[in-house]
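Welcome, and please have your viewer ready. We will go from one selection to the next and look at what turns up at each stop.

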Amino acid sequence: MGASPRKKHSGATPPAVTPAPILRSLSGRLHETTCCAKAIYRSVQVHSIWGGYFMIKWLLMLAVLVFAGYSAHQYFQAGYHTRPAIPDGAFSVSFPSGLRGIVLGLPEDETRRYLGMPLDVPSYLEETWSWCRVPTNEESPQVVQFMESRDLPGARFEAICEITLDGDVVTRGVLISVPRV
């Protein structure tokens with residue numbers, strides 16, 4: 001039977017274990033844990049401050065890139081990259097309908113808003129820059145008829161936009177202006 005006989009518990013209290021070494025080891029671990037927690041907390045604080053700075057920096061950079069991209073898109077959509085040289089006293093207009101023109105012989109009036117009315121042209125001429133000129137006296141009856149056929153209060157006929165193509169003149173559209181409201 002090789003089993004050791006069990007001692008019966010006499011009911012007396014076991015020998016007292018000094019709590020000091022246990023408490024010392026626990027307090028040491030607690031101190032290490034507290035120091036680590038404080039270091040982590042400080043690290044998180046520092047990183048959240050710098051993280052906020054970097055987040056603002058990235059957001060500002062993103063805003064600048066979005067604005068630059070949108071401006072470039074608008075510039076190319078309006079066709080300014082293909083615009084021919086503008087003579088002195090002229091100005092250019094570009095409309096979402098595709099009508100693009102360089103207006104000659106007409107001073108730009110800041111109190112009026114210019115509207116382009118494109119005419120049907122072949123697809124290869126839709127985004128071509130045209131030269132816009134003031135109508136001649138011979139074209140006055142056609143201008144009056146054109147304006148009477150449309151109900152545009154305060155509108156004024158400004159220019160006829162044309163494209164010269166192999167000696168032929170193709171009317172691209174007309175330019176009217178309305179008061180800026």
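Begin by selecting glutamate 139 and arginine 133: the two form a salt bridge, with their closest N and O atoms 2.8 Å apart. Keep in mind as you look around that this is a predicted model. Are the two partners buried or exposed, or something in between? Glutamate 139 counts as buried, at 17% relative accessibility, because the cut-off for buried is under 20%. Arginine 133, at 24%, counts as partly exposed.

Stay on arginine 133 and bring in strand E5. The bridge partner of arginine 133 in E5 is isoleucine 160. Now widen the selection to strand E4 (residues 129-133) together with E5, and you will find the two paired in the antiparallel sense over 3 bridges.

While these two strands are on screen, show cysteine 132 and cysteine 161. Their sulfur atoms lie 2.0 Å apart, and the two residues form a disulfide. How many disulfides does the structure hold? It holds 1. Turn the view to look along the S-S bond: the angle about it is 100°, and the link is right-handed. The disulfide ties together distant parts of the chain, with cysteine 132 in strand E4 and cysteine 161 in strand E5, 29 residues apart. Colour by accessibility next, and cysteine 132 comes out as buried at 0%, while cysteine 161 is buried at 1%.

Zoom out to take in the sheet. In what order do its strands run? The order is E1-E2-E4-E5-E6-E3, an open sheet of 6 strands with mixed pairing. Select strand E1 (91-94) and E3 to see the edge strands, each of which pairs on one side only. Tilt the view to follow the twist, which averages 30° from one strand to the next. Then add helix H2 (residues 140-148), which packs on the sheet and touches E3, E5 and strand E6 (168-179). The direction of helix H2 makes about 115° with that of E5.

For the next stop, return to E5 and select arginine 156 with glutamate 158. Their side chains meet in a salt bridge, 3.0 Å from N to O. Glutamate 158 is buried, with a relative accessibility of 7%. Arginine 156, by contrast, is partly exposed, with a relative accessible area of 41%.

Leave arginine 156 selected and add aspartate 109. This pair also meets through its side chains in a salt bridge, here 3.7 Å from N to O. The contact counts as a salt bridge because the cut-off is within 4 Å. Where in the chain do aspartate 109 and arginine 156 sit? Aspartate 109 is in the loop between strand E2 (100-103) and strand E3 (112-118), whereas arginine 156 belongs to strand E5 (residues 156-165); the pair links distant parts of the chain, 47 residues apart. Aspartate 109 is partly exposed, at 26% relative accessible area.

Now show Asp109, Arg156 and Glu158 together: salt bridges that share partners join them into one network.

To finish, display every salt bridge at once; the count comes to 4. Those visited on this tour include the bridge of glutamate 139 with arginine 133 and the bridge of arginine 156 with glutamate 158.

Notes. Residues are numbered from 1 along each chain as its sequence is written. This is a predicted model: local features need pLDDT of at least 70, side-chain atom pairs count only at pLDDT 80 or more; totals for chains, interfaces and linings use all residues. Side-chain values use heavy atoms; hydrogens and water are left out. Helices (H or I, at least four residues) and strands (E, at least two) are DSSP runs, numbered from the N terminus. Buried means under 20% relative accessible area, exposed over 50%, partly exposed in between (1.4 Å probe, protein chains only). Two strands pair if DSSP finds at least two bridges between them. Axes are lines fitted to C-alpha atoms, for helices over the stretch in contact, and angles run from 0 to 180 degrees between N-to-C directions. Contact means heavy atoms within 4.5 Å. A disulfide is a pair of cysteine sulfur atoms within 2.5 Å.
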